[in-house]
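Here is a short briefing to read with the model open beside you. Take a moment to turn the structure around before you start.

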Amino acid sequence: MKSRHSQANRKTLRETVKLLNLLASPSDGRQVKVRVIRKLPEDRIGDCSQRKDHYLIRLDAKVVDEQPDSLWLLLAHEWGHALAWENCTHSHGEAWGMALARAWRIISGELSPGDLNDMD
């Protein structure tokens, strides 16, 4: 059974993903979906893949439930891949870094829905 703390993390994660899809969706129009996974390969705690009609971010359940500070940086990292995929074929290059920074600004509360008009 999940603790109240982990349930709160997952609720906040769902809300954050909705906000990221609103403020930082990929330019190709695909939605980003996030799944919490119990058994990722041992060499990773998260990943992002391109699907036919969406991007899929998978996050390690242990990070989501037990390491909320790491969770937000991990989410920003993987969201950056979804945003930059068209430009940098999934590398950690300049386009990815800019996308990660945008995702982090949203996650950290620096950028909010009210700021959308300021970005145009």
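The notes below go from the overall fold to charged pairs, aromatic rings and a few chosen residues.

This is a predicted model, in which local features need pLDDT of at least 70, side-chain atom pairs count only at pLDDT 80 or more, and totals for chains, interfaces and linings use all residues. Residues are numbered from 1 along each chain as its sequence is written, and side-chain values use heavy atoms, with hydrogens and water left out.

**Overall fold**

- The protein chain contains five helices and three strands; these are DSSP runs, numbered from the N terminus, with helices being H or I of at least four residues and strands E of at least two.
- Following the sequence, you will meet them in the pattern α-β-β-β-α-α-α-α.
- The radius of gyration of the protein chain is 14 Å, which agrees with the value near 14 Å for a compact globule of 120 residues. It is taken over C-alpha atoms, and the globule rule is 2.2 Å times the number of residues to the power 0.38.
- Along the principal axes, the C-alpha atoms fill a box of roughly 45 × 30 × 25 Å.
- Buried residues make up 41% of the 120 in the protein chain. Here buried means under 20% relative accessible area, exposed means over 50%, and partly exposed lies in between (1.4 Å probe, protein chains only).
- About 7,400 Å² of the protein chain is exposed, and carbon and sulfur atoms supply 48% of that area. Accessible areas come from the Shrake-Rupley method with a 1.4 Å probe, and for residues only the protein chains shown count as cover.
- Taking contacts between residues at least 6 apart in sequence, 52% join residues at least 24 apart. A contact means heavy atoms within 4.5 Å.

**Salt bridges**

- You can look for six salt bridges in the structure, each being a side-chain nitrogen of Lys or Arg within 4 Å of a carboxyl oxygen of Asp or Glu.
- Aspartate 28 and arginine 30 form one of them, at 3.1 Å from N to O. Aspartate 28 counts as partly exposed because its relative accessibility is 28%.
- Arginine 44 and aspartate 47 are joined by another, at 3.2 Å from N to O. On the two sides of this bridge, arginine 44 is partly exposed at 34% relative accessible area, whereas aspartate 47 counts as buried at 11%.
- Those two residues also belong to a network of salt bridges that links Asp43, Arg44, Asp47 and Arg58.
- Arginine 105 meets glutamate 110 in a salt bridge, again with its N to O distance given as 3.2 Å. Arginine 105 counts as partly exposed, since its relative accessibility is 33%.

**Aromatic rings**

- There is one aromatic pair in the structure.
- Tyrosine 55 and tryptophan 85 make up this pair, which is tilted, with 6.0 Å from centre to centre and 45° between the planes. Rings of Phe, Tyr and Trp (its six-membered ring) pair if their centres lie within 6.5 Å; planes under 30 degrees apart count as stacked, over 60 as edge-to-face and the rest as tilted.
- The pair links distant parts of the chain, with tyrosine 55 in strand β3 (residues 54-60) and tryptophan 85 in helix α3 (residues 68-88), 30 residues apart.
- Tyrosine 55 is buried, at 0% relative accessibility, and tryptophan 85 is buried too, at 17%.
- Arginine 30 sits over the face of tyrosine 55, at 5.2 Å from the ring centre. For this, NZ of Lys or CZ of Arg must be within 6 Å of the ring centre and within 35 degrees of the ring normal.

**Residues that meet across the sequence**

- Alanine 76 is in helix α3 and counts as buried, with 0% relative accessibility.
- Beyond its neighbours within four places in sequence, alanine 76 is in contact with Leu100, Ala103, Trp104 and Ile107. From alanine 76 to leucine 100 the C-alpha distance is 5.5 Å, with the two 24 residues apart in sequence.
- Leucine 111 lies in the loop between α4 (94-107) and α5 (116-119), and is buried at 4% relative accessible area. Its C-alpha is 8.5 Å from that of leucine 23, 88 residues away in sequence.
- Serine 112 is in the loop between α4 and α5, and is partly exposed at 30%. The C-alpha atoms of serine 112 and leucine 19 are 8.3 Å apart, with their positions 93 residues apart along the chain.
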